[in-house]
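Grab a pencil and work through these exercises at your own pace. Try each task before you read its solution.

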Amino acid sequence: MKELLGLLAVWSIVLSGLALVTGVVLIKKGNRIAHHRAMLTATSLALLFLVFYLVKWALHGTTAYGGPEAWRGAYYFLLITHTLLAAINGPLALYVIWRAFKGEFILHKRWARVLVPIWLYVAVSGWVIYLVLKRYGVETGSIAF
């Protein structure tokens, strides 16, 4: 079950990132309807990621870094920036979506230019963290920070 939840989380966020990039390309081509659908797909997939990740975390606890000491600083830098930006990403995404639904496209566009790089960084860094912990992770068996 743990492996399945991990895979579902990883692939849902990968697909979310791809839908996000697709949405950006579509709006640059002027296709608002397809952009709208792609962005809602990206958001839905990101929400699925969050559900899978939190269920895995609640049922199986956390995984600690157990890799080479020389990489520890880089790993924790990546983890901390990922975590902080992920905490900003959710509320900012909701704000950007709200502005689009309200028809406030100037604010939507302004904040989307901030959101997209954050979202992509969080998605890619999360995938890297997953791969590092897959190789060097140490099971804690509990929920720890």
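**Exercise 1.** Does E3 count as buried, partly exposed or exposed, and at what relative accessibility?

*Solution.* Keep in mind that you're looking at a predicted model. Step one is the scale: under 20% relative accessible area means buried, over 50% means exposed, and partly exposed sits in between. Step two is the value for E3, which is 40%. Because 40% falls between the two cut-offs, E3 counts as partly exposed.

**Exercise 2.** Find the residue that forms a salt bridge with E3, and say which helices the pair links.

*Solution.* Start with a bit of background: side chains of opposite charge can pair when their charged atoms come close. Here the partner is K134, and the closest N and O atoms of the two residues are 2.7 Å apart. That is within the 4 Å limit used for a salt bridge. Now place both ends: K134 is in helix α4 (residues 105–136), while E3 is in helix α1. The two residues are 131 residues apart, so this pair links distant parts of the chain. To finish, check the cover on K134: its relative accessible area is 48%, so it is partly exposed.

**Exercise 3.** How many salt bridges are there in total, and how exposed are the residues in the ones you haven't met yet?

*Solution.* The count comes to 3 salt bridges. Take E69 and R72, whose closest N and O atoms are 3.2 Å apart. E69 is exposed, with a relative accessible area of 58%, whereas R72 is partly exposed at 25%. Next come E104 and R99, with their closest N and O atoms 2.1 Å apart. E104 counts as partly exposed at 28% relative accessibility. R99 has 16%, so it counts as buried.

**Exercise 4.** Describe the surroundings of S12, beginning with its helix and its exposure.

*Solution.* First, the place: S12 is found in helix α1. Second, the exposure: a relative accessible area of 6% makes S12 buried. Third, look for polar atoms around its side chain. A polar atom of the S12 side chain lies 2.9 Å from the backbone oxygen of A9, and one lies 3.4 Å from the backbone nitrogen of F49. Fourth, leave aside the neighbours within four places in sequence, and you'll find S12 in contact with L45, L48, F49 and F52.

**Exercise 5.** Which residues form the nonpolar patch on the surface, and which element gives the largest share?

*Solution.* Begin with the members: M1, L4, L8, L47, L50, V51, Y53, L54, V55 and L59. Together they have about 920 Å² of accessible area. The elements that give two or more residues are α1 (2–28) and α2 (32–60). The largest share, 7 residues, comes from α2. Don't forget M1, which sits in the segment before α1 and is exposed, with a relative accessible area of 65%.

**Exercise 6.** Which residues does UniProt list as "transmembrane region", and what is the helix content of 38–55 and 75–98?

*Solution.* The record, an unreviewed UniProt entry, lists residues 6–26, 38–55, 75–98 and 110–133. Now turn to the model. Residues 38–55 are 100% helix and 0% strand, with end C-alpha atoms 26 Å apart. Residues 75–98 are likewise 100% helix and 0% strand, and there the end C-alpha atoms are 34 Å apart.

Note on methods: Residues numbered from 1 in each chain as written. Predicted model: local features only at pLDDT ≥ 70, side-chain atom pairs only at ≥ 80, totals over all residues. Heavy atoms only, no water. Patch = residues over 30% accessible without salt bridge, like charges linked within 9 Å, V, L, I, M, F, W, Y side chains within 5 Å. Areas by Shrake-Rupley, 256 points an atom, 1.4 Å probe, with all protein chains shown as cover. Salt bridge = Lys/Arg side-chain N within 4 Å of Asp/Glu carboxyl O. Helix = DSSP H or I, 4+ residues; strand = E, 2+ residues; numbered from the N terminus. Buried < 20%, exposed > 50% of the residue type's maximum accessible area, 1.4 Å probe, protein only. UniProt positions renumbered as here; feature names shortened; annotations may be inferred. Polar contact = N/O pair within 3.5 Å; in protein donor to acceptor, adjacent residues only side chain to side chain. Contact = heavy atoms within 4.5 Å.
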